[in-house]
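Let's walk through this structure together, beginning with one strand and its partners and ending at the ligand. Keep the 3D view open as you read.

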Amino acid sequence: MSLLLSSNNIGNCELKNKVVMPPMCMYKSDNSAKIKPFHSFHYTSRAIGNVGLIMVEATAIEPRGRISNNDLGLWEDSQIAGHKQVVEQVHEFGSKIAIQLAHAGRKSLVKQTTPLAPSSIPFDTNGSFKTPQSLDLEKIALVKQLFLDSAKRAKEAGYDILELHAAHGYLLCEFLSPLTNEREDIYGGSLENRCRLTLEIAKLLKEQIDLPLIVRISASEWKENGWDIEDSIYLSKELENIGVDSIHVSAGGNQKEQDLMPELTALYQCDYAKKIKENINIPVIAVGLITTAKQGETLLEEKVCDFVAYGRELLRDSNLVFKFAKEFNEKELIDNSYLRAYL
Ligand SMILES: Cc1cc2nc3c(=O)[nH]c(=O)nc-3n(C[C@H](O)[C@H](O)[C@H](O)COP(=O)(O)O)c2cc1C
C-alpha cells in the first residue's frame, strides 16, 4: 500500500491517510463570523472525498483578530453550533477535522477596529493596512486567554485537533520576527524572547485542552536579517519540548517585500520541512505547490515530512484522494458510489 494513503497519527488522533487539506480562508462569512452553508458543504465534500485531515480555515479569537470582515470566528459561544455541525458531518465520512485558531495582528483589514501588533509598524506604507497598536503586557495576557477560550469552544464543537497559526505574518509570526518585533520587554529582543508568546500559548493549550496541537510556522520570512530556517528549527524543538504534536511548515507572509523569496516552483517549501524534520521527532506537515500523488509519495519515502498538505489542488478537486487511489491501484479506497468513474 502507498505511504500517502495509509494511516498515521498526529498525537493520539489516527488519520486514515496522510493527505491534509491545509487551512484556507474562504471569506464567506459575514460580521457574525459564523459558519455559513458554504462552509458546511465545502468541508464536508472533502470528507466525502476521503481527505485524511481537513483543516478549517483561520478562525479568529477576537473580532479585531480577523483578516477581513468575512472571516470565521470563535470568540463567543453562539459561534460554536455551526462548527459542531461541520464536525459531525465530516466525522460521518470518516475524516478527521482540525481548526486553525488565529489572530491577524497588523494584517487585519477589519473595518471597525485598530489592529494589534508587537510593535507599531504597519504592514505597508501605502495606506492599505492600518498602523497597528503595540500590545502592552495586559493585552498580551488577554490574547493568551482569548486563544484558550476559543480552543475550549473548539473542543466543545468536537474538533479532533487544534492548529495554532504562527505563520504568514499574523500576530504570533510578527512576534517571532526581529524585523516586526522591536519590543524591549520579555517578548522582544532575543530569539528566546521573541518565541515566548507562541510557546506560552502552545503550552497553555497543551496543558488545558485535551487535544493534539499542531503549530503552523513560516520557516523563513525571506528577508535579510529576518526570521529564518535556523530560528524555525530552534522554535520547533522548543515546541516539541512542551508537548506540541506536530509542526506544519509553511513560509513567507510577514513582509510586503520578500527580497529573498525563491522561485515559486513545485515543492518550493519542502526543504524547510525536511530540515525541521531532521531536528525533531514529532510529525511534520509539508505544504506548498505539492499537487501530485507521486510528489507526495516521494516526500514521504524520502522522509521529508510525515503528512502532505494539498491546498489549491483540493480546491480544484475535492475527489483528489480517489484519483490518487486509482493511480496507486488501490481502488478499494474509492467510494463505491464513485467507483465507476475510476475504472
Ligand atoms: C484561498 C487561500 C486561502 C488561504 N488561507 C489560509 C489560512 O486561512 N491559513 C493559513 O495558514 N494559510 C492559508 N493559506 C495558505 C495555504 O494553507 C497553503 O499553505 C498555500 O495555499 C500553499 O499550498 P498549495 O500550494 O498546496 O496551495 C491560504 C491559501 C489560499 C490559496
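**A strand in the interior**

Strand β10, residues 213-218, is largely enclosed by the rest of the structure, because six of its six residues are buried. Bear in mind that this is a predicted model.

How does that burial divide between the two sides of the strand? In a regular strand the side chains alternate between the two faces of the sheet. For β10, both faces turn out to be covered. Leu-213, Val-215 and Ile-217 are buried on one side, while Ile-214, Arg-216 and Ser-218 are buried on the other.

Now look at the strands that pair with β10. Strand β9 (residues 161-166) runs parallel to β10, and five bridges join the two. In this pairing, Leu-162 is found opposite Leu-213 of β10. Strand β11 (residues 246-250) also pairs with β10 in the parallel sense, again over five bridges. Here Ser-218 has Ser-250 of β11 opposite it. To get from β10 to β11, the chain passes through helix α6 (residues 229-241), making a right-handed β-α-β crossover.

**Around the ligand**

Let's turn to the ligand, which has 20 residues around it. Which of these come nearest? They are Pro-22, Met-24, Ala-58, Gly-311 and Arg-312. Two elements, β4 (53-60) and α9 (312-316), each give two or more residues to this shell. As for its chemical make-up, the shell holds ten nonpolar residues, six polar ones and four charged ones.

Terms used:
Residues are numbered from 1 along each chain as its sequence is written. This is a predicted model: local features need pLDDT of at least 70, side-chain atom pairs count only at pLDDT 80 or more; totals for chains, interfaces and linings use all residues. A residue is buried if 20 or more other C-beta atoms lie within 10 Å of its own, exposed if 12 or fewer, and partly exposed in between; C-beta atoms are placed from the backbone. Helices (H or I, at least four residues) and strands (E, at least two) are DSSP runs, numbered from the N terminus. Two strands pair if DSSP finds at least two bridges between them. A crossover is right-handed if, with the strands pointing away from the viewer, the path from the first strand over the helix to the second runs clockwise. A residue is near a molecule or strand if its C-beta atom, placed from the backbone, lies within 6 Å of it. Ala, Val, Leu, Ile, Met, Phe, Trp, Tyr, Cys and Pro count as nonpolar, Asp, Glu, Lys and Arg as charged, and the others, Gly among them, as polar.
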